[in-house]
Amino acid sequence: MLLAEEAGLDLVEISPNAVPPVVKILDLGKLKYANQKKAAEARKNQKVIEIKEIKMRPNIDSHDYETKMKAVRRFFEEGDKVKLTLRFRGREMAHMELGMQLLNKVREEVAPIAKVEAEPKLEGRQMMMVLAPR
């Protein structure tokens, strides 16, 4: 305690649970500032995972499908999750198997780079599936 006062610094308890407790003589203000900087740096390097949505129809054309799949792959490269939504309109409701086939095709195509987080499920006139990058 006297050494710290003579040096004009603080006696800081580093690990209070140790036997005996570990203390250091240093400037408390500088320590707090360094910890604040470290926390800010950790927050800056953090990636917020977003859920991107891709909307399709069950009878989508092959070129449109390829374009959507290109976007899906780009989202996975960026580390985002993808929510695939199939909207059924009118008589398409009678052919749910077409929607399931399409979602299974997507699943097989992205199997090496993504995993299914939420299995395809029907909510009203929409069928949804969530994919997450591996």
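Aromatic pairs come to a count of 0 in this predicted model. The rule pairs rings of Phe, Tyr and Trp (its six-membered ring) if their centres lie within 6.5 Å, with planes under 30 degrees apart counted as stacked, over 60 as edge-to-face and the rest as tilted. Because the model is predicted, local features need pLDDT of at least 70 and side-chain atom pairs count only at pLDDT 80 or more, while totals for chains, interfaces and linings use all residues. Residues are numbered from 1 along each chain as its sequence is written, and side-chain values use heavy atoms, with hydrogens and water left out.

One ring does have a charge over its face. Lysine 105 lies over tyrosine 65, at 4.2 Å from the ring centre. The test asks for NZ of Lys or CZ of Arg within 6 Å of the ring centre and within 35 degrees of the ring normal.

Tyr65 is also one of the buried residues of helix 3, along with Met69, Ala71, Val72, Phe75 and Phe76. They cover an arc of only 160° around the axis, so they sit on the same side of helix 3. The arc is that of the directions from the helix axis to the C-beta atoms. Buried means under 20% relative accessible area, exposed over 50%, and partly exposed in between (1.4 Å probe, protein chains only). The face turned away from the buried side carries exposed His63, Lys70 and Glu77. Just after helix 3, glycine 79 takes a positive phi of about 85°. Helices (H or I, at least four residues) and strands (E, at least two) are DSSP runs, numbered from the N terminus.

Helix 4 follows a similar plan. Its buried residues are Met96, Gly99, Leu102, Leu103, Val106 and Val110. Their arc is only 125° around the axis, which puts them on the same side of helix 4. An α-helix has 3.6 residues a turn, so residues three or four places apart point the same way. Gln101 and Glu108 are exposed on the other side of helix 4. The buried residues of helix 4 pack against strand 3 (51-56), helix 3 (62-77), strand 4 (81-87), strand 5 (114-123) and strand 6 (126-133).

Now take strand 4, where threonine 85 is found. Threonine 85 is buried, with a relative accessible area of 2%. Leaving aside neighbours within four places in sequence, its contacts (heavy atoms within 4.5 Å) include Glu53, Met56 and Gln126.

Elsewhere, a cis peptide bond joins valine 19 and proline 20, with omega about -10°.
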